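Please take a moment to look over the sequence and the fold before reading on. The paragraphs below are meant as a guided walk for someone who has not met this structure before.

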Amino acid sequence: MRKLLCQVCGGPSDRTREGTLWLVGEDVDGPELWEPGYVTTHPPVCVPCAVMSVGVCPHLRERYVALRVRTFAARGVHGALYRPGGAFPEAYDADGVTFEDWRLGWVLAAQLIMEFHEFTVVDLDVEHAAYLKRTQARCGFSDDRRRS
């Protein structure tokens, strides 16, 4: 997440002037997506992996929203929470905590939490078409020239 690598293939996530591509498993009409400070523990994605994921992931097949996120910041971590207990700390819950939370020293972090500030909902099919066009342009192919 810190390096903004694709959560599926580990390569670079897709970044354009419009922002970094993220998939979230929310309903586009759900109020949680439109609240200021939307947070996620899921890293961004590249376009090919996003297209594949919505076709094969049972959760994303039900619903997903593709976002171009322009501004975002690491907000905290999610992981196992511990408390004092006998000779060793004992795990008692799993939760997300902000970097300002007093419990930060008592969490065994597993995931970074990213907070979105400015983002736009995008159509993944349109994003895929634009990606293919960018890729063809970088490789020097045009519609009327085919590779042998």
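What follows goes through charged pairs, then a surface patch, and then two leucines.

The model is a predicted one, and a good place to begin is with its charged side chains. Side chains of opposite charge can pair when their charged atoms come close. A search of the whole structure finds eight salt bridges, and three of these pairs are described here in turn.

In one of them, the side chains of D14 and R68 meet with a distance of 2.5 Å from N to O. This pair links distant parts of the chain, since D14 belongs to the segment before β1 while R68 sits in strand β4 (residues 65–83), and the two are 54 residues apart. Both D14 and R68 are buried; for D14 the relative accessible area is 8%, and because buried means under 20%, D14 falls within that class.

D14 has a further partner, for the side chains of R134 and D14 also meet in a salt bridge, at 3.0 Å from N to O. R134 lies in helix α3 and D14 in the segment before β1, so this pair ties together parts that are 120 residues apart in sequence. Unlike D14, which is buried, R134 counts as partly exposed, with a relative accessibility of 27%.

Another of the salt bridges is formed by the side chains of R75 and E115, which meet at 3.8 Å from N to O. Here too distant parts of the chain are linked, with R75 in strand β4 and E115 in strand β6 (residues 107–122), 40 residues apart. R75 is partly exposed, its relative accessible area being 30%, whereas E115 counts as buried at 16% relative accessibility. Through salt bridges that share partners, D14, R68, E127 and R134 are joined into one network.

The member of that network not yet placed is E127, which lies in helix α3 (residues 124–139). Is E127 buried or exposed? E127 counts as buried, because its relative accessibility is 12%. Leaving aside residues up to four places away in sequence, E127 touches V47, R68 and V122.

A different arrangement of charge appears on the surface, where D27, D29, E32 and E35 gather in a patch of negative charge. Of these residues, E35 can be located in the loop between β2 (19–24) and β3 (39–40), and E35 is partly exposed, with a relative accessible area of 47%.

The walk now turns to two leucines. Most residues other than glycine have a negative phi. L4, however, has a positive phi of about 55° although it is not a glycine. L4 is placed in the segment before β1 (15–16), and L4 counts as buried because its relative accessibility is 12%, with the limit for buried residues set at under 20%.

The other leucine, L112, is found in strand β6 and counts as partly exposed at 22% relative accessibility. Which residues does L112 touch, when those up to four places away in sequence are not counted? Its contacts are M1, R2, T40, T41, A74, G76, V77 and F99. As for T98, its C-alpha atom is separated by 9.8 Å from that of L112, the two residues being 14 residues apart along the chain.

Note on methods. Residues are numbered from 1 along each chain as its sequence is written. This is a predicted model: local features need pLDDT of at least 70, side-chain atom pairs count only at pLDDT 80 or more; totals for chains, interfaces and linings use all residues. Side-chain values use heavy atoms; hydrogens and water are left out. Patches are made of residues with over 30% relative accessible area and no salt bridge: like charges are joined within 9 Å, nonpolar side chains (Val, Leu, Ile, Met, Phe, Trp, Tyr) within 5 Å. Accessible areas come from the Shrake-Rupley method with a 1.4 Å probe; for residues, only the protein chains shown count as cover. A salt bridge is a side-chain nitrogen of Lys or Arg within 4 Å of a carboxyl oxygen of Asp or Glu. Lys and Arg count as positive and Asp and Glu as negative; His and the chain ends are not counted. The place of a charge is taken as NZ of Lys, CZ of Arg, CG of Asp or CD of Glu. Helices (H or I, at least four residues) and strands (E, at least two) are DSSP runs, numbered from the N terminus. Buried means under 20% relative accessible area, exposed over 50%, partly exposed in between (1.4 Å probe, protein chains only). Contact means heavy atoms within 4.5 Å.
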